[in-house]
Amino acid sequence: MDPEAHFEALIRRWFNDGWNQKDSSVIPGIFAGDYLAEGGAAKQLGAIEGHAGLIAYHTRFHAAVKDLHFEIIALHVCGDIAMVEYQITGVFRSALKGHEEVGDVLDITAVDVYRIEAGRIAQRMVAYEQA
C-alpha cells in the first residue's frame, strides 16, 4: 500500500472503528505514542497527548454523548498531511466542555488537519468547527 493510501486507511479506521464502533483499542495502531491534538476540544479540556490522553478523551466523549456518530464528508491526503471534513452528531447525556445541557443535540461540522510520522498519526489540528 502506498503511503498516502495507508494514511487514508488510518483515518478511516479511526472514524469508523474508533469513534463509530467505540473501540479505543485501535488507538495504539493508528496514533504515534507522542500524539498531540491541538484546537477544538483540546482548547477547553486541556492537552490531548499520547495514547493515554487520547483514550481518556475518547472515553469522556462517548460517556457524554449518546448515539455519537462521525461521518466523513471529504478526505484529502497529500504526502504527510491530510485534511478531513466531517460531521459529528449525537445527543448530550452530560456536559463535555462544561456548557452543554442534557438532551442538547450535537451537530457539528469540522475540518481537521492530520500529520503522519513513521506510519502513525502524530498530530491533529482543528482548522474549522461550526455548530
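Student: I would like to start with a pair of residues in the sheet. Which residue of β5 is the bridge partner of Val91?

Tutor: Val91 has Val105 as its bridge partner in β5. Keep in mind that we are looking at a predicted model. Val91 and Val105 belong to a longer pairing, since β4 and β5 are joined by eleven bridges and run antiparallel. In this pairing you can also find Ile81, whose bridge partner in β5 is Arg115.

Student: What about the other neighbour of β4? How many bridges join β3 to β4, and in which sense do they run?

Tutor: β3 and β4 are antiparallel too, with eleven bridges between them. Try finding two pairs on the structure: Val65 is the bridge partner of Phe92 in β4, and Ile72 stands opposite Tyr86 in β4. Then look at the hairpin of β3 and β4, where two residues lie between the strands and Gly79 takes a positive phi near 65°.

Student: How do I read the whole sheet? What is the order of its strands?

Tutor: Name the strands from one side to the other. Here six strands make an open sheet, and the order is β2-β1-β6-β5-β4-β3, with mixed pairing. β2 (48–49) and β3 (65–78) are the edge strands, as each of them pairs on one side only.

Student: The pairing is called mixed. Where is the pairing parallel, and over how many bridges?

Tutor: Look at β1 and β6, which pair in the parallel sense over four bridges. Ala37 is a good guide, with Arg124 as its bridge partner in β6. Now compare β1 with β2: these run antiparallel and are joined by two bridges. In that pairing, Leu36 stands opposite Glu49 in β2.

Student: Now a helix. Which strands does α1 touch as it packs on the sheet?

Tutor: α1 touches β1, β3, β4, β5 and β6. Its direction makes about 175° with that of β3.

Student: Arg12 and Glu8 have a salt bridge. Why are they separated by about one helical turn?

Tutor: Count along the helix: Arg12 and Glu8 are four residues apart in α1, so about one helical turn separates them. Their side chains meet at 3.0 Å, N to O. Across the whole structure, a search finds four salt bridges.

Student: Last feature! How is empty space found, and how much space lies in the largest pocket?

Tutor: Here is the general idea: a probe the size of a water molecule is rolled over the atoms, and this shows where empty space is left. In this structure, the largest pocket holds about 410 Å³ of space. It is lined by 30 residues, and the closest to its centre are Phe61, Ile88, Lys97, Ile108 and Glu129.

Student: Which element gives the most to the lining of the largest pocket?

Tutor: That is β5, with six residues. At least two lining residues each come from α1 (3–20), β1 (31–38), α4 (50–64), β4 (81–92), β5 (105–117) and β6 (120–130).

Student: And how does the lining of the largest pocket divide into nonpolar, polar and charged residues?

Tutor: There are 20 nonpolar residues, three polar ones and seven charged ones in that lining.

How values were computed. Residues numbered from 1 in each chain as written. Predicted model: local features only at pLDDT ≥ 70, side-chain atom pairs only at ≥ 80, totals over all residues. Heavy atoms only, no water. 1 Å grid on protein atoms, 1.4 Å probe; cavity = no way out; pocket = protein on both sides within 12 Å on 5 of 7 lines; lining within 4 Å. Points joined across faces, edges and corners; volume = space filled by probe spheres on them. Nonpolar A, V, L, I, M, F, W, Y, C, P; charged D, E, K, R; others polar. Pairing = 2+ DSSP bridges. Contact = heavy atoms within 4.5 Å. Axes fitted to C-alpha atoms, helices over the stretch in contact; angles between N-to-C directions.
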